[in-house]
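Subject: The structure I promised you

Hi,

Here is the structure we talked about, ready for you to open. Have a look at it first, then read on for what turned up.

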Protein chains: 4
Amino acid sequence: MIKTTILRSKRPRLKDPVLVEGLPGVGHVGKLVAEHLVEELGAKKILEIYSPHFPPQVIVENDSTIRLVRNELYAYKSKKKHDLLILVGDHQSTTNEGHYELCSVFLDIAEEFKVKRIYALGGYGVGQLVETETVLGAANNLDIVRELKEYGVEFRANEPGGGIVGASGLLLGLGALRGVEAACLMGVTSGYLVDPKSAQAVLKVLCKILDIEVDMQALEERASEMEKIVAKLREMEEGKSPISSEEDLRYIG
Amino acid sequence: MIKTTILRSKRPRLKDPVLVEGLPGVGHVGKLVAEHLVEELGAKKILEIYSPHFPPQVIVENDSTIRLVRNELYAYKSKKKHDLLILVGDHQSTTNEGHYELCSVFLDIAEEFKVKRIYALGGYGVGQLVETETVLGAANNLDIVRELKEYGVEFRANEPGGGIVGASGLLLGLGALRGVEAACLMGVTSGYLVDPKSAQAVLKVLCKILDIEVDMQALEERASEMEKIVAKLREMEEGKSPISSEEDLRYIG
Amino acid sequence: MIKTTILRSKRPRLKDPVLVEGLPGVGHVGKLVAEHLVEELGAKKILEIYSPHFPPQVIVENDSTIRLVRNELYAYKSKKKHDLLILVGDHQSTTNEGHYELCSVFLDIAEEFKVKRIYALGGYGVGQLVETETVLGAANNLDIVRELKEYGVEFRANEPGGGIVGASGLLLGLGALRGVEAACLMGVTSGYLVDPKSAQAVLKVLCKILDIEVDMQALEERASEMEKIVAKLREMEEGKSPISSEEDLRYIG
Amino acid sequence: MIKTTILRSKRPRLKDPVLVEGLPGVGHVGKLVAEHLVEELGAKKILEIYSPHFPPQVIVENDSTIRLVRNELYAYKSKKKHDLLILVGDHQSTTNEGHYELCSVFLDIAEEFKVKRIYALGGYGVGQLVETETVLGAANNLDIVRELKEYGVEFRANEPGGGIVGASGLLLGLGALRGVEAACLMGVTSGYLVDPKSAQAVLKVLCKILDIEVDMQALEERASEMEKIVAKLREMEEGKSPISSEEDLRYIG
């Protein structure tokens, strides 16, 4: 496989679908939300995306079989207004140019399914432990900004100051050039830890927007586990036990 | 979008146009001058350039809408001899090969508009705070060197010693191979700070060359703000307050 | 040569061949095993693979002639059930995309010879000196996992936790997408040293699986040499003689 | 320019030409020799090679005009057996794949001119200041090794141990695959300094091999200047004046 390749297993007919993207990123916030949605809604996998822009790597499963790293698209037939497409995966592109190529592929698929709107989920790393449950937003047109304010999404001028990097950013940016509506929902997070609490905040807002109900328990459990770890880290810090590096912190979870 | 793409909004007829390039670089000198020109002359945007050689990034605007990073070309219809094309942007290419590709695209556009000459603007970082307002020049033929000396541009043998890197350099170098006249005007600057004062020096020379008048106030204000910051930095240095790194200095502005 | 190129010297007819891959990697375990097999079985070289994804480098031989870095495929006609193809080489790809391309080429060749199964050999670096002779396995379908357990290959859920990276991983992962059976046999090793002892462990298991007999003496000798070095390193450590870096340790052997 | 491009100015007929390559590398030994040859023989430039694999950079000349970084081929019509082609340049490829592409272009040109043999010149960095004038050799067939021993070229088994990297290595390696005879002549040098003395040693051997005479004075002068610098460095070292880093040493010359 020398080119990005789509393997299709199902070709569902979907009703005015909304695409939710939750690829790995800051605090794994988007990934946690999207994988939780797939799990709780019982969404069905409809295609897999393989690409030389992903790392040359396989993942070893529970039963010692392997699978090539990939992105996956799941479909959920809703009784509400919009069916859902959910994009999850092991990795984002390892190169700049690969990001452009892969997001073009994602948008081709979105157009094929006549996706009405994309929600790109992610984390917004602020460099310190975060108490509040803020979901920061950005969108590729002003109407969406206005609309999402109604759901409690916070919008701050020019924030994130460093822009939005990777798949979430490009889905909005390339989407705009192709006339596809897209918004980014970013859970504010430290950026040091996998953050299921921030993921909960994003999920709550997303459920309101999509008018769906999803059991939160699994995320709540992960969040309370993580809080214990954070409490321990804080003790260590106060007791001056050295925490070697951010890298170690990122590892936890 | 997998290839560099030009989105055109206007197709103006221009009179013997001169192309001014001011993409981000050392001290953001070129960018400051070119953006100031666009602003003060009220130049009109005629096209946008998107490319997978730019970072996979969107910029969040004031109103929380985003736009994909890009380069932009503005046109200004002058009453003088030459109309102007002004090239500005968020980023230069992130790869060597991308620099060659993008500058080829810039030159294609220049040839399309029958551009008579290119002025590539930039900074020349000398590694220490600079008092004087020197504009160093280089050009892709000797007649231009002679001509620009008349306008106070300084030419020093083999300087910059490290050559000219990036879009400014390639516009001259690739331009020479295609028979397009081009000169580089480099404001001497520390290289550590965004330098609106050096930008002023370049702008003054450029206005003389182009026989145009441009209000300098906005740049002057930024320059005097920056001087206050520099003064503070000097105090800190004398008081031995540590300034952590060049990286931090670059950040200011 | 701008593309990956195959130079063929022989076109043997092979009986239900099995492909053994032993390219350089952790502890050079796979490479040691595969090169030992080629040597002891007197396998014949049938093709060479050159690629711009390898380093731009030639190797100087004993007689001061050079050869371009490459991968090589050897064939061995067995009296048992399966003939063997053995893939060895100086380097793996230097880029991610190159890994995908080269493994696609390897699989093209495997399909051409109607390879029944691939055994990708490697080391599993655990970060500390290892006493036991464990061979960890992973495979691209569950039947192979069950089958290899019979030969003493150890399977641990989700291990290696970081997945399998490079040619060994991709042969399994891309193999699965093309319906080619493949297993990875990983000698557990420190990851710091070339490890002929771990290579012996892998070789023993592989010989049982393939139902072949191979003289182990050369590997045993290298292993006992290496044990002397390790003993010395341990003494130095205890005597607090500093061992400068892992890099140095990797070098030995 | 998006592809490697050859600009031809002359198309000479050459008699059984030998190609001498002296691109920048360790100690700039090859470059010093090749540029000295061009100068002293009055060789004529016949073509220029531009490539996106070179840095995106122009060089500023004495008269403040610029030129794009490039490689150049010079021709010298000899009264002896072989005319000469001399390959010099500002840079080698900045990427691995570019090295393969550019050396393929060099070999295309060599085949076009029916080049009988290539001498790739370079330095062999041994990591310490060198007193003797050794020229180490390697070749892409054994007959050349035997032949060059007659001229005092030293051949050591498996040396350089790290192989030969870059254009010199690939000219031999890719040359072998295309049936083009090629040898590498490496002046032993510290690797820290531009080394005109080592260049002299290589030039002497090369002149004997090619049966030509070349005035050495310019190189001798540079060598004696460099010796003064080295003497100073040694004094500093003995007086414990710190020489900050290898990087600084490399800079000199």
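First, a term you'll need: two residues are in contact if their C-beta atoms, placed from the backbone, lie within 7 Å. Also keep in mind that this is a predicted model.

**Where chains C and D meet**

With that in hand, start with chains C and D. Their contact involves 29 residues of chain D and 18 of chain C. Which parts of chain D supply at least two residues each to the side that touches chain C? They are helix 2 (96-112), strand 9 (135-139), helix 3 (142-149), strand 10 (164-165) and helix 4 (167-177). Helix 4 of chain D gives the most, with seven residues. Sort that side of chain D by class and you get 15 nonpolar, 11 polar and three charged residues.

Strands take part too. Strand 4 (residues 57-60) of chain C pairs with strand 10 of chain D, antiparallel, over two bridges. If you want a spot to zoom in on, find C:Gln57, which sits opposite D:Val165.

**Where chains A and C meet**

Now go to chains A and C. Here chain C puts in 29 residues and chain A puts in 18. On the side of chain C that touches chain A, helix 4 of chain C has the largest share, seven residues. The classes on that side come to 15 nonpolar, 11 polar and three charged residues. Strand 4 (residues 57-60) of chain A and strand 10 of chain C form an antiparallel pair over two bridges, and A:Val58 faces C:Ile164 there.

**Which chains don't touch**

Chains B and C have no contact, and their closest C-alpha atoms are 15 Å apart. Chains A and D have no contact either, with their closest C-alpha atoms 15 Å apart.

**A sheet built from two chains**

Next, look at chains A and B. Three strands make an open, antiparallel sheet in the order 10(A)-4(B)-5(B). Why do two of these strands have a side without a neighbour in the sheet? Strand 10 (164-165) of chain A and strand 5 (66-68) of chain B are at the edges with a single partner strand each, so one side of each is left free of a neighbour in the sheet. Within chain B, strand 4 (residues 57-60) and strand 5 are paired antiparallel over three bridges, and B:Ile59 stands opposite B:Arg67. Helix 4 (residues 167-177) of chain A lies across strand 10 of chain A and strands 4 and 5 of chain B, and it runs at about 85 degrees to strand 5 of chain B.

**One residue up close**

Try clicking on D:Ser51, in the loop between strand 3 (44-50) and strand 4 (57-60) of chain D. Is D:Ser51 buried or exposed? The cut-off for buried is 20 or more other C-beta atoms within 10 Å. D:Ser51 has 25 of them within 10 Å, so it is buried. Leaving aside neighbours within four places in sequence, D:Ser51 is in contact with D:Thr4, D:Gly98 and D:Leu102. D:Val69 is 18 residues away from D:Ser51 along the chain, and their C-alpha atoms are 8.7 Å apart.

**How the copies are related**

Last one. Rotate chain D by 90 degrees with 0.0 Å of shift along the axis and it superposes on chain C, with an RMSD of 0.0 Å. That is the relation of a four-fold axis. Of the residues of chain D, D:Thr95 comes closest to the rotation axis, with its C-alpha at 7.6 Å.

Cheers

Terms used:
Residues numbered from 1 in each chain as written. Chains lettered and ligands numbered in written order. Predicted model: local features only at pLDDT ≥ 70, side-chain atom pairs only at ≥ 80, totals over all residues. Pairing = 2+ DSSP bridges. Helix = DSSP H or I, 4+ residues; strand = E, 2+ residues; numbered from the N terminus. Axes fitted to C-alpha atoms, helices over the stretch in contact; angles between N-to-C directions. Nonpolar A, V, L, I, M, F, W, Y, C, P; charged D, E, K, R; others polar. Buried ≥ 20, exposed ≤ 12 C-beta atoms within 10 Å, placed from the backbone. Least-squares fit on C-alpha atoms with pLDDT ≥ 70 in both.
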